[in-house]
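Trainee: Hey, got a minute to go through this model with me? I'd like to start with the charged pairs.
Mentor: Sure, pull it up.

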Amino acid sequence: MTTVDAPALRVLVADDSTESRALLRAMLETITGVDVVGAAANGRQAFHALESVRPDVVFLDIAMPVMDGLEAAVVIRARYPEVKIIVYSAYDRMAMGLAALSAGADEYFEKAATVGQLLDQLRHVFPERTLAAKPRRNYRSPLPEQESERVGETVRLAEPAEGLASAAAEETGRVADGQTSNHADDELLRAAVESLTEAFCLMRSVRDEDGTIVDFEFVVVNPAACAFAGRGPEELLGHRLLELFPAQGPRGRFDNYRQAVETGVPFKAVFQHHADGVDGTFQVSVTKVGDGYVLTATNVSERLQQETALADSERRYRQMLETSQEGVCAIDADDLVTFVNQRAAQMVGYSVQEIMGARIWDFFTNGSLGIATELGQLRRAGRSSAYEMHLRRKDRSTLLALVWVRPIQDAEGNYPGALAMLTDISDRKEPGEQLAAGEHRMRAAFDSMLDGEVILSPVRDEHGGIVDFRFEYINEAGCRLNRMTRERHIGHVLHDVLPGLRESGLFDDLVLAVETGMPINKRSYRYADAFGGTTVVPRVWDISLVALGEGLILKTFRDVTDQVSAETERRQSQERLRLAVQTLTEGFFLTRARRDEDGRIVDLEYVIANAAGCRMTDRSEVDFIGHGYLDIWPTTGEGLFDHFCAVVETGVPYTTVLASDPAEGIFGTFEVSVTQVGDGCAFVVRDVTERLGHDRALADAHAAAESRSDRLERSNQELQAFASAVSHDLREPLRTTAGFVGLIQDRFAGELPEPARELFGHVLSGAQRLEDRIAAILDYARSGASGAPPQLVRSGEVASAAALDVAGILEEYGVNLHIGELPTIQADAVQLHRVFQNLLTNAAVYHGPVAPHIEISAERLDGHWQFTVADNGPGVPVNARESIFAMFRRGPAAEGHDGHGMGLALSRRIVESYDGDIWVEDNPGGGSRFRFTLPAEAPS
């Protein structure tokens, strides 16, 4: 899928926490192609801001007052289907992800996400956009104040940098409380991974809207992987494979990686690799893990060189044997021929194919079988021998041959096979000379061996005790391993050539082999000698000692230093991994499949069980290791074992939640994740009892909030119904009474005495005041519940219109009014008009002894506009500043002024319907300042 150039992605963030908004905005601002154009403190504000801000995507926190993120997602999706929605919270995806997607969200993520994870979310929702992370920066440093033109006003987007520190402190406390208890385990596993000498990369799939893998993101890399890639960790983590290494694309290995993830079949390859400071041949292994893969890369340059050298040596050795004028064959533990050269086949008149796989003794005459039996016993004892024997040819004739048999030692120190050299001596007159010639040829063969071969003769003192050994023969491999020439060995005594052998214990073994005649095989002799008279080199050797008769010793030796070091490192690595698994707070079990003769899985045998898993199941490690799953859990849930077997067979992970089973000694609720590992599976068990309790508590609280909201809605409806009843049932008879009194005054005005006319005047005045109060009650009930949708309102024009409506009052008291620059907002102009009208009337009527002066102004404060109506009147005492906003309550200065005490109550109800606040305070220059706030974005 190709990307296209497009304007910056417009983002609106809704979160009631100032710090969380600041952190999320700071992270989004590190992404190229993203512009944060607005913020809201709750879902309702976010909904009403959409019309003016016009974002492409809105981020909604779930836990917000007034309207939470789930409720907001529902109404936004219904009204603005084109806007993308990403919901987030502190709960994991299992707890809240499904609810968010059901409410209409396009994506869900947990708080404390990284920039790379945010980038991944946006790329998934907007696959056609070109988005990338900017160069990294320190987000704890003070944020620059950025400004953006919005709705004709300059609105500041930056929030206090200290909010980020506060949010970080809160997050640290949350970790300390155990809400992210797997953090320490992750650190242990990360330490284990970083200690590996192999390159290790954990990659996560990046998919397009059709679910196709289009890239992979680096999630974990160890130092060896950074060296392998030639980049630092900050250049890899959170970035995508094809962005950093485009050559991996169409003709690279990207398809191999994608196939490994989609099929679960591992991918392995060996190739040349070149990076800064890294050059060689690497063996790469790619294995599916979740919706991604783990890549390991091992430098095999040296091993391949050794294998190549070994193969070349073996090839030369085989060519030598094939072209040798002596017959050569090899036999296994069952005396079957596993190799024979052309010369040996010609000697007995058979083809090579006819001899291969046959028993070697079938080619000896009956008279030589006794010797053959003795040769077999010596071979199995590890001793070389040479005999003259008669061979049976294919044409029934016999051949006299000198047969020299040398045992072949395996890795365990046994002698399962042997190498035999055959020399035709039928036409030789001097058997002794022929034997010497055969020995000479055998020595030539020994020179081609890969292991060091040495023949030693004992040096004795006057009492017959062995005090040293003299080199009689050493092959080329022995000279190479000892780093000295043949002349430096032959004729010299052992302690002059290798003085360190006495301390190693090898000298005592040589003496024992001579005196007992028994072969000796030992591994890991450790000694250091100044080979060639230069540097002391500590090495480890495998040694075989065979008595040859007459005190001679055949010593075969092999340098196994690298092999022992590799085995030690492997054991240490296994121990580190074992320690990491054992210290996990999550339960971990590793099993392997038990199969019947048809290959079907009949059980899963436990191989590893960590301490946490044993605690969760109230069992010990001994109860698990070596036992089958069905042996321990014979009453497992129906179909559950089949799911586990399916993981082993298909490689598709499986996750389930298991409840308490007191009968099995298990108490709590556990989430079990099962992943294929070889011919078995790994179980990761998490105790989610407490988390599910939190989820249920949140759900209950949500339901209770919905119930309260329903009750409040019914209460508002009842209040409006009551107001309508008051208007109809009280005002009508009141107007009727006033009408009759008016008729009496008109018709009988000349006949009524003055006291009667005065009394009727009081009745009409009281009726009018009562009707005014009823009207005020009706206005109060209906305030804040206007059916008119919010529209763009120039608040300065509304304030001016309100001043014109009360111009008579302002002129009566000689008011000097100044209206400053006021913002354009979204509101109901009629309701805002009432607020300004009430506050202007209040300030004009309750004036002081000097000419009244009223000033209206506004300023932007943290997502709100704060309006101020200031006067120079007598002010409001501190103890009356709250009561004056109650119904029918008037301040101390109200005496002598008309009014019913509902203006400020109506103003408060209107302002609070916009989630704003209204209050009164002292004016620094004298008088009062009535202040109220309205949201800078869309009001409710």
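Trainee: So how many salt bridges are there?
Mentor: The count comes to 27 salt bridges, where a salt bridge is a side-chain nitrogen of Lys or Arg within 4 Å of a carboxyl oxygen of Asp or Glu. Keep in mind that this is a predicted model: local features need pLDDT of at least 70, side-chain atom pairs count only at pLDDT 80 or more, and totals for chains, interfaces and linings use all residues. Residues are numbered from 1 along each chain as its sequence is written, and side-chain values use heavy atoms, with hydrogens and water left out.

Trainee: What does Asp106 pair with?
Mentor: Asp106 meets Arg77 in a salt bridge, 2.9 Å from N to O. Asp106 sits in the loop between α4 (93-102) and β6 (107-110) while Arg77 is in helix α3, so the pair ties together parts that are 29 residues apart in sequence. Those labels come from DSSP runs, numbered from the N terminus: helices are H or I with at least four residues, strands are E with at least two.

Trainee: Is Arg77 buried or exposed?
Mentor: In between: Arg77 is partly exposed, with a relative accessible area of 22%. Buried means under 20%, exposed over 50%, and partly exposed in between (1.4 Å probe, protein chains only).

Trainee: Which residues of α3 are buried, then?
Mentor: In α3, residues 69-79, the buried ones are Gly69, Leu70, Ala72, Ala73 and Ile76. They cover an arc of only 155 degrees around the axis, which puts them on the same side of α3; the arc is that of the directions from the helix axis to the C-beta atoms. Exposed Ala78 and Arg79 are on the face turned away from that buried side.

Trainee: New topic. Which residues touch the most other members of the largest nonpolar core?
Mentor: Leu832, Phe836, Phe867, Ile884, Phe930 and Phe932, out of 37 residues in that core. A nonpolar core is a set of buried Ala, Val, Leu, Ile, Met, Phe, Trp, Tyr and Cys residues joined through side-chain atoms within 4.5 Å. Helix α32 gives the most to this core, with seven residues.

Trainee: And where does pLDDT stay under 50?
Mentor: One such stretch is residues 136-185, and residues 530-536 also stay under 50. pLDDT is the predictor's confidence in each residue, from 0 to 100. Where it is low, the predicted coordinates should not be read in detail. The protein averages a pLDDT of 77, and 74% of the residues score at least 70.

Notes
Contact means heavy atoms within 4.5 Å.
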